[in-house]
Amino acid sequence: MVCNQCGSENITKLSLIYQGGVSEVTTTTRTAQGDVRATGRHVTEAARRAAPPEKHDVVGALFFTLFALAVAYCGTQLGNPAFALLSFLAPYARWITIATVALAIIFAYNGIQAYRFNTLRWPALYDYWTRCFQCGKCGEVGPRA
Ligand SMILES: [Zn+2]
């Protein structure tokens with residue numbers, strides 16, 4: 001296999017560049033209570049550029065949707081004695097509910113779009129990435145058959 005651009009044989013799979021540049025780092029700090037271990041991930045610049053396509057955040061969108069719905073529910077309960085501390089908000093209850101329901105719809109829409117991206121688009125992008133090489137001579141990145 002050679003580079004499409006310059007014909008060099010010095011080409012490397014993106015997935016190997018990525019794996020080679022990602023390392024799990026463990027640090028141990030000695031404290032009065034004993035050793036505290038922390039783990040982290042170190043990613044080189046080359047690995048960051050060769051990284052696989054990322055999935056979109058469905059869980060985050062779901063979380064914000066539920067949170068907005070919870071606030072919207074509280075908006076409908078502002079007249080309730082249990083919400084006495086927030087009674088000063090009661091005159092705005094309707095607007096709080098309308099605004100947070102609207103936010104919930106936006107978050108839910110984003111979540112659906114993220115899910116659609118992850119299930120419909122991402123597999124093909126990932127498959128493309130697994131077939132891509134980078135040339136060590138001219139830097140060309142692209143798939144090889
Ligand atoms: Zn090349």
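Student: Which residues make up the largest nonpolar core?

Tutor: This is a predicted model, and membership of a core here requires buried nonpolar residues joined through C-beta atoms within 7 Å. H1 and strand E4 (132-135) each supply at least two residues of this core. The core has 7 residues in all, and they are Cys3, Ile11, Leu14, Ile17, Ala50, Phe133 and Cys135.

Student: Which residue in E5 is the bridge partner of Phe133?

Tutor: Phe133 belongs to the largest nonpolar core, and, leaving aside residues up to four places away in sequence, Phe133 touches Ile11, Thr12, Lys13, Leu14 and Arg144. E4 and E5 pair in the antiparallel sense over 3 bridges. In E5, the partner that Phe133 has across a bridge is Gly142.

Student: Why is one side of E1 and of strand E5 (141-143) left without a neighbour in the sheet?

Tutor: The open sheet is formed by 3 strands with antiparallel pairing, in the order E1-E4-E5. E1 and E5 have one side without a neighbour in the sheet because each stands at an edge, with a single partner strand.

Student: What angle does the direction of H1 make with that of E1?

Tutor: From one strand to the next, the sheet has a twist that averages 35 degrees. H1 packs on this sheet, where H1 touches E1, E4 and E5, and the angle between the directions of H1 and E1 is about 70 degrees.

Student: How far apart do the C-alpha centres of domain 1 and domain 2 lie?

Tutor: The domain assignment of the chain gives domain 1 as 10-51 and domain 2 as 53-137. Their C-alpha centres are separated by 30 Å.

How values were computed: Residues are numbered from 1 along each chain as its sequence is written. This is a predicted model: local features need pLDDT of at least 70, side-chain atom pairs count only at pLDDT 80 or more; totals for chains, interfaces and linings use all residues. Domain bounds come from an automatic or database domain assignment. A residue is buried if 20 or more other C-beta atoms lie within 10 Å of its own, exposed if 12 or fewer, and partly exposed in between; C-beta atoms are placed from the backbone. Helices (H or I, at least four residues) and strands (E, at least two) are DSSP runs, numbered from the N terminus. Two residues are in contact if their C-beta atoms, placed from the backbone, lie within 7 Å. Two strands pair if DSSP finds at least two bridges between them. Axes are lines fitted to C-alpha atoms, for helices over the stretch in contact, and angles run from 0 to 180 degrees between N-to-C directions.
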